[in-house]
Amino acid sequence: MIKSIIIDDEMHCRKTLTMLLKEYCPDVQIMEQCSDAQAGLEAIEKFKPDLVFLDIEMPYMNGFEMLQQFSEIPFAVVFTTGYDQYAIKAFRFSALDYLLKPVEPKELIAAVHKVQTRKNLPANEQFQILLRKMNNKENIFPTIPVPTSDGYELIPVEQILFCEADDNYTYFHLKNKKKIVACRMLKEVEEQLIKSVIKIKMKYFFEYLT
């Protein structure tokens, strides 16, 4: 069984996700449902979950701010939100997955499957590196985190030759002839790459001015 906690300030969202998990993901045991980040922190301390379904936009403390309370993150994270503009930031936190409300059963099943097939459920070293970058307000990402079946992999932008779509997956073809399968659609990958390239260009522009 996968011990999980749901953190969402909207009651109907908590109930809907609970219903979907019981129907489509019977291996997920819901230990607690929390209506705010503070209650979520207390539940995480109490139940030591394997997986946290985390809403992003919440009063007083949002999902990202809640994660920043941890020096180490010993659980997998699936962000759930109704705000599409948060997708890129969720990538930077290297969430196990990102589910847009209303949550589709197929997407939820895929997210849980990735938790079950990961070699290590706790957030790995690369997750911590990205979190420290966010804490330090370091906004230039010369590498991008790419979700894979084993968690994710950091890929240097300059090593990417081209990307190839395959239904809900994207193949990254690299200069070293390596091919990486990302658990993301090509459209989402394109947005991620565009943001990264723009920030790198801005970095060099300001360095030139100084």
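Select strand S3 (51–55) and look at its two sides in turn: Leu51, Phe53 and Asp55 lie on one, Val52 and Leu54 on the other, and all are buried, so both faces of the strand are covered. Put as a count, five of the five residues of S3 are buried. Keep in mind as you go that this is a predicted model.

**The neighbours of S3**

Leave S3 on screen and add strand S1 (2–7). S1 and S3 pair in the parallel sense, over four bridges. To find the register, pick Ser4, which stands opposite Leu51 of S3.

Next, show strand S4, residues 76–81. Here too the pairing with S3 is parallel, this time over five bridges. Which residue of S4 does Asp55 stand opposite? Click on Thr80 and you have Asp55's partner.

**Helix H1**

Now select helix H1, residues 11–24. A distance check is a nice warm-up: put a ruler between the end C-alpha atoms and you should read 20 Å. With 14 residues at 1.5 Å a residue, the expected span is also 20 Å, so the two agree.

Colour Cys13, Arg14, Leu17, Thr18, Leu20 and Leu21, the buried residues of H1. Turn the view until you look down the axis of H1: these buried residues fall within an arc of 165°, so they line one face of the helix. The general rule behind such a pattern is that an α-helix has 3.6 residues a turn, so residues three or four places apart point the same way.

What do the buried residues of H1 pack against? Show S1, strand S2 (28–34), S3 and helix H5 (105–117) together, and you have their packing partners. Then spin to the face of H1 turned away from its buried side, where the exposed residues Lys15, Lys22 and Glu23 sit.

**A three-stranded sheet**

Move on to strands S8, S9 and S10, which form an open sheet in the order S8-S9-S10 with antiparallel pairing. Its edge strands are S8 (160–166) and S10 (179–182), each pairing on one side only. From one strand to the next, the twist averages 20°.

Zoom in on S9, residues 169–174, and S10: their antiparallel pairing runs over four bridges. Tyr171 is a good residue to label, as Val181 in S10 stands opposite.

**Last stop: cysteines**

Finish with two cysteines. Is Cys25 buried or exposed? Cys25 is buried, at a relative accessible area of 4%. Cys163, at 23% relative accessibility, counts as partly exposed. If you search the model for disulfides, with cysteine sulfur atoms within 2.5 Å as the cut-off, the count comes to zero.

Key. Residues numbered from 1 in each chain as written. Predicted model: local features only at pLDDT ≥ 70, side-chain atom pairs only at ≥ 80, totals over all residues. Heavy atoms only, no water. Expected span 1.5 Å × (residues − 1). Buried < 20%, exposed > 50% of the residue type's maximum accessible area, 1.4 Å probe, protein only. Arc of directions from axis to C-beta. Contact = heavy atoms within 4.5 Å. Pairing = 2+ DSSP bridges. Axes fitted to C-alpha atoms, helices over the stretch in contact; angles between N-to-C directions.
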